[in-house]
Amino acid sequence: MADSEIQVPTIIAENVQVRYTVNINDPGQHAKGLRRVGNVLLGRRGQTTVRALRGVNFVAHEGEMVGVVGSNGSGKSTFLRNVAGIEQPDRGQILVRYQPLLLGVNAALQPALSGSENVRLGCLAMGLSPDEAAEAFDYVVNLSALGAAIHRPMGTYSSGMGARLRFAIALAARPKILLIDEALSTGDATFGERSERAMDELLAEAGTVLLVNHAAKVIQELCTRAVWMHKGEILMDGPAEAVAEKYRWWAWNVAKGNEGVADKLLHDVVSNAVKEEINILAPELIKNPIPRHAARRVKTVAAKSARHMKRRDTVGEVEEIDLPLLTAAESQFWPADLEVQPPKAQFPDLPKAASRAVSAPSSRNDPPPLRLRPSNNRVVLRATDPNDRASTVATASDLTGRRLEANSKRIADERYKERQRIRQEPDASPQESL
Amino acid sequence: MNEAKNPLGLITIPSVSSDGLVPVGKRANLKSYLSALWNRRHYIIAESRAKMSSSTRKNLLGYGWLFLTPLLSVLAYWFVFGFILQTSRGVPNFLGFLVVGVFFFGFTAKCMTGGTGSIRSGASMIRGFQFPRAALPLSTVVRNFLDFMPSLLVMIIILVIVPPAEVITWRVVLVIPIVMLQTIFNVGLACLLARLGHKIPDLTNFMSIVSRFWLYGSGVFFDIEDRLADHPMLLVVMQYNPLAAYLTLVRNSLLYGVDSPLSLWLVGAIWAFGLLIVGFLFFWRGEESYGRL
């Protein structure tokens, strides 16, 4: 890779498949035999299996804001629910660095309670202590800007007000991964401004945002990368501009009834699509790439506890070697003067990792969940298409590829100014869709 | 994502390191699950208060119904069973007998119906936030416990005011461990039914019948030993009924001031802790499934 900076993945989804069995009410379909009798008796028509996700592979990194576009029923919400851990996929696995927080469409938490009571309840449900919840309260009220309405029952809120409160509650816990499922599209312009700033801060603190929105323009403005989902699969994964533009063109043609054009476009996209596959490397293998059978025997006791979770307290005995001998040996491996300095290892200063969280499975009971399966360790070669690849975006764009660390506030401001500038340049019209 | 470009202009498959990443939404082991649950204790209390106030706020009388409902039900049961059916024959202090039965049974019955629907009614919280789901059936029990406290007060006032005088002894204090045992029993019951009710939605229809049957089988309105004297087999079964045990324990120590046999205490304690362990483990094993509704 051209730049030496590390891209830290926050979400890895590997071959995620979800299917639902639902009752159908289709007069054209009938079950046969005894099952039909049963269906009639129970007042049902029949059942069918819907494949909501058909093998989604997806990786998101720190500081990335990924837009998800797609027609209704393409599996966007299902995918987000699975990433949030609310549902478990039938096949495949999803790994996260931090616990994601999902903002859904149905915003009301406890409709009978007032907004302020809902704030407290939501904060406590996210694991904040009562003191922290009280501290966060002002932040939530400010961000949601509901004014006196905060004391009214949440059931009386308009959908936009509910979404605002829900968003503000979610940000009170300072989540690192935020999944937004259409939740912000009901907010008005003033709130759009504030929510964007809040998300910029989140991104600048090495967070990740997944945004589902039907307005492709919003995706283009806000996101650095976009994903087009269609019938439970990811068709395109690339720069937000390109993907959103293609999706918009396709949706426009479908809406106008130009089925032929739309189908051809879809066909083009599908034929260009490469089936993404992901090689998940278990941490053990990265740190110690020598295959187990080739390695010398080590103490089996130490190997039992996962190395990435627990610090090893006991240090093996080191044999003393004469210094001159050592330098002589070193010069055989490394030239005395390197032309290129090897990239320095970076250790991001992160908050409590998800693996340390109380709810995380302890390393002692279960083995580390992932291993590189040697049989699957194939190298697939495929044509490079710089426009359709997420990785190229990450290196080209100055926003995503970078590791955003200490000066988070400054970066948030930069992003904000940049966006304002972009907006004002092409047309001076005010934003229309947020 | 490490992508190496080889001389042919082809890209190898991306590899990502899973260092520091964990599977999302997986069931934690029991120890960390319990500690996570302990960390959400404030949430459990807030949630139970929220349930309480959202149900009372709709009514004109608000919290008044916490006292009125058990009071009126005692009146109704007394009219039917004491006055019309005359089940009070042979039962000393029938009003006290009835009051204890109705109030203590109501506590468990509400936990039963509340627990069955707790996952479904907490759907918006489940979808919104990640927390140990056992907080939901637990908060149902806490809520009903908070409801139960004022009715316990009413009960004591009734027992003191209304004529047939109780034999007040030191054994009145024993009500506290009995209520604790019953609450533990209710936690287990609510957890067990919460998972069952989530899996089988039809259970809510069934539960009202079970609750009715249990009401008549636990000796709320009549003395079981007296009624079932002809069926010794059934009597034995009935005596292992946990609720009958709790009711008898309360009546013995509160109304009649006599010592209860040790076997009753054993039945009560074994049911309470046994069901707590079974119900909680059963609920915990289904932790990953509650998001799908």
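These are my notebook entries on two chains, A and B, of a predicted model.

**Entry 1: chain A overall**

I began with the tally for chain A, and its secondary structure comes to 14 helices and 11 strands. Of its 434 residues, 38% are buried. I then looked at contacts in chain A with a separation of 6 or more, and 76% of them link residues 24 or more positions apart.

**Entry 2: the six-stranded sheet of chain A**

Next I traced an open sheet of 6 strands in chain A, and I wrote down its order as β5-β6-β7-β3-β8-β9, with mixed pairing. Which strands stand at the edges? I found β5 (101-103) and β9 (233-239) there, each with a single partner strand, so one side of each has no neighbour in the sheet. From one strand to the next, the twist averages 15 degrees.

**Entry 3: strand β3 of chain A**

I stayed with this sheet and picked out β3(A), residues 65-69. How many of its residues are buried? I count 5 of 5, so to speak a mostly covered strand. I also noted which way they point: A:Met65, A:Gly67 and A:Val69 go one way, A:Val66 and A:Val68 go the other, and all are buried. A reminder to myself: in a regular strand, side chains alternate between the two faces of the sheet.

Then I checked the neighbours of β3(A). On β7(A), residues 208-212, I found 4 bridges and a parallel run. One pair I marked there is A:Met65 with A:Val209. With β8(A), residues 225-230, there are again 4 bridges, and these strands run parallel too. In β8(A), I marked A:Ala226 as the bridge partner of A:Gly67, and A:Trp228 as the bridge partner of A:Val69.

**Entry 4: A:Cys223**

I looked up this cysteine next. Where does A:Cys223 sit? I located A:Cys223 in the loop between α7 (216-222) and β8 of chain A. Is A:Cys223 buried or exposed? The count of other C-beta atoms within 10 Å is 25, so A:Cys223 is buried; the cut-off for that is 20 or more.

Leaving out residues up to four places away in sequence, A:Cys223 touches A:Met65, A:Val66, A:Gly67, A:Leu211 and A:Ala240. I was pleased to meet A:Met65, A:Val66 and A:Gly67 again, as they appear in my notes on β3(A). I also took the spacing to A:His267: 44 residues in sequence, and 25 Å in space from C-alpha to C-alpha.

**Entry 5: a sheet with strands from both chains**

I then followed another open sheet, this one of 4 strands, with the order β2(A)-β1(A)-β4(A)-β3(B) and antiparallel pairing. Its edge strands are β2 (46-61) of chain A and β3 (22-23) of chain B, and each pairs on one side only. Helix α2 of chain A, residues 76-83, packs on this sheet and touches β1 (9-24), β2 and β4 of chain A. I noted about 120 degrees between the direction of this helix and that of β1(A).

How many bridges join β4(A) to β3(B)? I found 2, between strands that run antiparallel, with β4(A) covering residues 91-96. The partner of A:Leu95 in β3(B) is B:Pro23.

**Entry 6: a helix pair across the two chains**

My next stop was helix α3 of chain A (residues 115-125) beside helix α2 of chain B (residues 41-56). Their axes come within 8 Å and cross at roughly 145 degrees. The crossing of α3(A) past α2(B) is left-handed. On the α3(A) side, I listed A:Glu117, A:Arg120, A:Leu121, A:Leu124 and A:Ala125 as making the contact. On the α2(B) side, I listed B:His42, B:Tyr43, B:Ala46, B:Glu47 and B:Ala50. I sorted the contact residues by type and got 6 nonpolar, 1 polar and 3 charged.

**Entry 7: chain B overall**

Last, I turned to chain B, which comes to 13 helices and 3 strands. Why do I call chain B more spread out than a compact globule? Its radius of gyration is 24 Å, well over the 19 Å that the globule rule gives for 293 residues, and therefore I wrote it down that way. Along the principal axes, the C-alpha atoms of chain B fill a box of roughly 100 × 45 × 35 Å.

I closed with burial and contacts for chain B. Of its 293 residues, 41% count as buried. Among contacts in chain B with a separation of 6 or more, 79% are between residues 24 or more positions apart.

Technical notes: Residues numbered from 1 in each chain as written. Chains lettered and ligands numbered in written order. Predicted model: local features only at pLDDT ≥ 70, side-chain atom pairs only at ≥ 80, totals over all residues. Axes fitted to C-alpha atoms, helices over the stretch in contact; angles between N-to-C directions. Left-handed = near helix turned anticlockwise from the far one by under 90°. Contact = placed C-beta atoms within 7 Å. Nonpolar A, V, L, I, M, F, W, Y, C, P; charged D, E, K, R; others polar. Buried ≥ 20, exposed ≤ 12 C-beta atoms within 10 Å, placed from the backbone. Pairing = 2+ DSSP bridges. Rg over C-alpha atoms; globule rule 2.2 N^0.38 Å.
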